[in-house]
Amino acid sequence: MAKKIIPNKNPMPHQDPKVRAKNFDEVALGYSKETAMAEAERCLNCKKPFCKEGCPVSVDIPEFIAHVREGNFDDAAKVIKRTNALPAVCGRVCPQEHQCEKFCIVGKKNEPVAIGRLERFVGDYIIDKEAQVEAVESTGYKVAIVGSGPAGLACAADLARQGHSVTMFEALHTPGGVLMYGIPEFRLPKKIVQTEIQNLKKMGVTIETNAIIGQIASLDELLTEEGFDAAFLGTGAGTPYFMNLQGENFNGVYSANEFLTRSNLMKAYCFPQCDTPIKVGKKVAVLGGGNVAMDAARTALRLGAEEVYIVYRRSRAELPARLEEVEHAEEEGVKFLFLTNPTRYIGNEEGWLTGLECIKMELGEPDASGRRKPVPIPDSTFILPLDVVVVAIGQGPNPLLTKTTPDLETNKRGNIVADEAGKTSKEGVYAGGDVVTGAATVIKAMGAGRAAAKSIHEYLIAKGPKKQ
Amino acid sequence: MYKIVSKKTLAPAIHEYEILAPRVAKKAQAGQFIIVRIDEQGERIPLTIADFNREAGTITIVFAEAGYSTKKLGRLNEGDSVLDFVGPLGVPSHVDKFGTVVMVAGGVGVAPVFPIAREMKDAGNQVVSIMGARNKELIFWEEKMKAASSELLVTTDDGSYVRKGFVTDVLREYIEAQGKPALVMAIGPLPMMRAVVNVTKEYEIKTMVSLNSIMVDGTGMCGACRVTVGGETRFVCVDGPEFDGHQVDFEEQLMRSRKYKSEEQHALTKESCGCGGGGKCHG
């Protein structure tokens with residue numbers, strides 16, 4: 001007889017919404033050992049694991065869950081770490097509902113196995129326990145990784161495991177890329193990111209911070225004067241898009257990048273103990289409907305804003321953010337203005353923002369994205385009085401590296417052109433993550449980093465042993 | 001960590017640090033800037049490069065204690081280190097053989113003007129430098145500027161040294177007496193640069209200014225340093241810091257520079273000229 005499946009995921013404890021809307025501590029509190037083992041019981045250990053196919057880095061999901069079920073958490077961690085260098089991060093920020101959990105057989109009739117929560121549990125279990133990693137025999141090849149975000153970190157881990165000498169170059173003063181400057185503490189504690197990065201260093205990866213490639217050295221100089229045999233470019237999507245509306249430069253209009261960087265990387269939430277200030281005001285609107293918009297809105301609440309709005313031109317059904325993030329934002333008191341589009345900013349004589357003029361929208365015919373296109377309703381403009389607006393409508397690639405590397409092919413938008421294996425137009429140079437695809441997810445960037453690591457390894461091995 | 005290998009106090013609350021940062025020094029060019037972060041709690045402070053020594057691997061910065069963070073920076077001593085030092089950032093000055101180039105420096109602006117003047121002179125230009133400060137006490141690097149220029153004109157607002165008058169008075173007199181130069185370059189507090197631009201507009205002389213906006217990362221990522229140039233939004237950190245002064249919306253820049261005034265006199269930090277008053281002396 002088939003075993004009886006408990007229909008719902010074991011719930012994960014959360015901080016109370018009223019309490020957490022006032023602090024920066026993590027919202028979701030994680031499974032206990034007992035809960036994790038109970039949840040693992042729900043896995044059918046399918047012979048053909050569709051969940052694994054839904055994972056951009058192909059984690060052996062049933063295998064690690066089987067170890068969790070037995071309480072062998074160290075073995076579970078070994079299984080995950082074979083393909084995913086950052087389980088504690090991915091368990092928190094992956095959109096599992098669109099990936100592994102979407103394909104889970106249990107999920108056909110019930111809630112899927114809580115793969116993300118289990119991965120997080122294993123990641124947290126192992127994070128402080130990782131001892132010195134056994135030294136791998138060095139190949140003598142040197143690889144430069146530009147950008148220490150998710151793509152670069154995943155690429156570095158795989159290359160270091162193969163015995164290549166890896167140096168990562170990070171423009172900011174702290175490695176981690178978007179995991180540090182973008183995703184807030186309450187969703188991804190920074191200590192976890194830094195511990196995962198420390199574990200990479202134990203594998204022999206060198207990280208040079210305050211190092212902007214394109215400024216301190218060109219890519220060509222890395223590949224010649226500095227003796228790197230190959231390079232991976234994972235410079236991300238760092239350039240903020242604005243709406244180009246009248247009044248966008250009033251004080252009080254932030255890009256999401258600036259707002260989140262001030263709060264996350266620079267810890268402006270503890271001003272004046274930390275030196276970087278941030279303006280939040282009483283009424284804040286965030287423009288956009290993705291995860292970054294949810295992060296900005298929830299950050300504004302925590303910084304003390306009294307009213308926080310999400311202004312989104314389509315309806316709730318089209319919100320690109322993860323459902324869980326939308327629900328969390330709603331629970332905490334963020335108000336959603338759907339089918340609303342900003343038309344201009346309003347400010348005072350001192351140059352400060354005082355409001356946002358918006359127009360009501362309705363959904364028309366489907367557009368190129370397949371979603372129904374929002375169209376303005378005539379004579380429906382209104383003014384939202386505001387102190388701060390955060391523009392979270394997306395980011396493009398940063399041009400500092402590409403403009404100093406003329407033989408590296410880019411597309412119209414400035415994204416680096418690379419194939420699925422990460423190969424670019426330049427020999428020995430590979431790229432992946434948001435700089436190639438445009439802004440996407442942490443795990444997709446990690447998948448691209450791993451694919452590129454495989455290509456780089458093959459490229460180097462094909463050269464034969466390194467000549468000294 | 002980046003070591004302060006020498007510290008000089010040039011004038012009351014104006015300091016010159018030579019900082020060991022070989023990778024930055026190797027690539028630094030006149031007109032570019034760096035970002036310094038003092039410690040773990042520190043904010044990222046953008047400062048224009050005042051000089052560099054590729055052999056010694058050092059960058060020279062000059063700053064006035066104006067806001068909280070520059071005061072904190074000013075308390076460090078020779079032998080101390082700063083936690084982070086990143087650069088060179090921004091686009092270098094466009095140096096070419098133009099003919100006669102007038103370099104206008106207001107207050108602490110003399111520091112970033114110096115390496116540009118030197119390069120302009122090396123490129124074969126007739127370099128006329130005008131430097132001004134509120135009073136005699138605040139004049140520094142006069143000898144260095146003399147060496148970097150074909151001709152140096154000094155002025156003080158109160159007449160306590162050389163002559164009385166604003167840099168714009170000297171500039172106007174020079175143009176009236178010697179004719180139009182090929183290029184004017186002005187670096188100093190925003191009101192001073194605006195005043196210079198207003199003069200050169202009258203005479204239709206191309207004028208470059210160097211903006212020191214509020215920034216976070218300095219790499220084009222945050223957009224805090226937005227400036228309207230010729231009706232278009234540009235980022236000072238990656239498109240600048242130098243722009244055609246006749247195209248810059250100075251009113252908007254002045255308003256944006258006051259964004260964090262209530263927080264730790266942040267705006268003063270960014271407009272530091274040594275006058276202690278956000279450039280009032282050069283209006």
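Helices (H or I, at least four residues) and strands (E, at least two) are DSSP runs, numbered from the N terminus. By that reckoning, residues 20-129 of chain A are 49% helix and 0% strand, and the end C-alpha atoms of this span lie 29 Å apart. An unreviewed UniProt entry lists the span as "domain: Dihydroprymidine dehydrogenase"; such annotations may be inferred rather than shown by experiment.

The model is predicted: local features need pLDDT of at least 70, side-chain atom pairs count only at pLDDT 80 or more, and totals for chains, interfaces and linings use all residues. Residues are numbered from 1 along each chain as its sequence is written, chains are lettered from A and ligands numbered from 1 in the order in which they are written, and side-chain values use heavy atoms, without hydrogens and water.

In chain B, six strands make an open, mixed sheet in the order S11-S10-S9-S12-S13-S16. Two strands pair if DSSP finds at least two bridges between them. Strand S10 (residues 126-133) of chain B runs parallel to S11(B), with six bridges; one of the bridge partners is B:Leu153 in S11(B), set against B:Ile130.

The edge strands, each pairing on one side only, are as follows.

| Edge strand | Residues |
|---|---|
| S11, chain B | 151-156 |
| S16, chain B | 242-244 |

H7(A) gives three residues to the lining of the second largest cavity, the most of any element. A cavity is a set of points on a 1 Å grid over the protein atoms alone where a 1.4 Å probe fits but cannot get out, and lining residues have an atom within 4 Å of a point.
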